[in-house]
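Me: I am new to this structure and would like a close look at a single part of it. Please keep the answer plain and connected.

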Amino acid sequence: MQVPKVVEIKRIEDESPTVKTFIFDWEIENETPGQFMMVWNFEDEKPMSLSLIDHVKNEIGISIRNVGIFTEQIHKLQKGDKLGLRGPYGRGFHIGGSKVLAVGGGIGMAPIVAYSEEATKKGIEVHIVSAASTRDELLFSNRINRSGAKLLTCTDDGTHGFCGYGTDLAEKSLSEEEYDMVVSCGPEIMMKKLFEMVEKYKISSQFSLERYMKCGMGLCGQCCVDDQGWRVCVEGPVFWQDELRMITEFGKYKRDSSGQKHKI
Ligand SMILES: Cc1cc2nc3c(=O)[nH]c(=O)nc-3n(C[C@H](O)[C@H](O)[C@H](O)COP(=O)(O)OP(=O)(O)OC[C@H]3O[C@@H](n4cnc5c(N)ncnc54)[C@H](O)[C@@H]3O)c2cc1C
Ligand code: FES
């Protein structure tokens with residue numbers, strides 16, 4: 001069984017008023033965008049996607065939105081402070097296709113920026129719909145532009161880019177361009193709408209799901225989805241649309257730490 005590796009925070013980057021990226025030295029092996037790390041603050045442990053996989057500098061990064069007790073504590077850490085990391089876990093995005101639409105909503109942009117960097121390196125044309133509530137919360141725009149991907153931004157309040165939801169902008173792109181792959185990570189309500197679109201356009205697609213996780217490595221059963229029983233931490237978090245069709249709870253409900261269902 002894997003135990004957390006205690007590592008120093010090498011660098012911290014402020015991404016937005018609510019999101020910081022924490023960068024660590026890490027011997028990169030087969031880390032893939034869409035995979036996640038279990039992050040231990042010596043009290044609790046939570047899953048966080050890899051938002052940076054740098055094969056040249058041997059660095060990884062995780063980008064954390066401050067939403068509660070755990071994430072607030074991590075946001076207080078400084079360069080040189082330590083965290084425990086175990087992973088990477090789960091199945092990441094398959095990097096394929098020749099022209100890909102990647103749709104990220106909110107902190108769901110974390111694995112999408114890592115995906116963009118890997119996919120463009122492989123010569124894939126990537127268009128990214130980056131959706132946020134407001135201009136200041138748009139994430140990773142500089143990195144996406146540097147990767148060579150085409151960035152399409154949208155904000156709920158219209159302060160930057162297209163005014164509306166990520167799904168509205170994705171629909172526009174899907175109707176104007178020919179993609180052979182769609183990838184997505186973000187609020188499940190957004191991904192459910194996108195899933196319905198790709199079914200209509202018949203495009204191969206992959207979606208990254210979030211479920212409450214405890215062990216992160218397939219042992220506890222906390223993250224199992226109805227009614228296949230797939231463990232999101234092992235069989236996911238990235239699922240193909242053929243698999244999503246069989247996840248009956250997708251877009252409807254998810255479970256909290258005690259297994260109670262909550263509507264999405
Ligand atoms: C595969 C995966 C990848 C993730 N990647 C990122 C990421 O890159 N950046 C990021 O900021 N967040 C990410 N999250 C969500 C992150 O794990 C939670 O936001 C975090 O645990 C919240 O903890 P908290 O104590 O600060 O807030 P809480 O107040 O405890 O929770 C806020 C929200 O986070 C959810 N959450 C809490 N604990 C867990 C847990 N153990 N597992 C899953 N969800 C939980 C709750 O359901 C709630 O909706 C990811 C979750 C999963 C499952
Ligand atoms: S979190 Fe334990 S099986 Fe997935």
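Which elements do the buried residues of helix 4 pack against?

Reply: The model is a predicted one. In it, the buried residues of helix 4 pack against four strands, namely strand 8 (99–105), strand 9 (125–132), strand 10 (150–155) and strand 11, and also against helix 5 (188–201).

The helix itself comes first. Helix 4 covers residues 166–176, and its buried residues are G166, T167, L169, A170 and L174. Viewed down the helix axis, these buried residues lie within an arc of 160°, so they line one face of helix 4. The face turned away from that buried side carries S175 and E176, which are exposed.

Next come the strands on the packing side. Strands 8, 9, 10 and 11 belong to an open sheet of seven strands with mixed pairing, in the order 11-10-9-8-12-13-16. Strand 11 (162–163) and strand 16 (238–240) are at the edges of this sheet; each has a single partner strand, so one side of each is left without a neighbour in the sheet. Strand 11 is also one of the elements that the buried residues of helix 4 pack against.

Further along the order, strand 8 is followed by strand 12 and then strand 13. Strand 12 (residues 181–185) pairs with strand 13 (residues 205–208) in the parallel sense, over four bridges. One residue pair can be named here: C185 has S208 in strand 13 as its bridge partner. In general, strands of a sheet pair through backbone hydrogen bonds, in either a parallel or an antiparallel sense.

Definitions and conventions
Residues numbered from 1 in each chain as written. Chains lettered and ligands numbered in written order. Predicted model: local features only at pLDDT ≥ 70, side-chain atom pairs only at ≥ 80, totals over all residues. Pairing = 2+ DSSP bridges. Helix = DSSP H or I, 4+ residues; strand = E, 2+ residues; numbered from the N terminus. Buried ≥ 20, exposed ≤ 12 C-beta atoms within 10 Å, placed from the backbone. Arc of directions from axis to C-beta. Contact = placed C-beta atoms within 7 Å.
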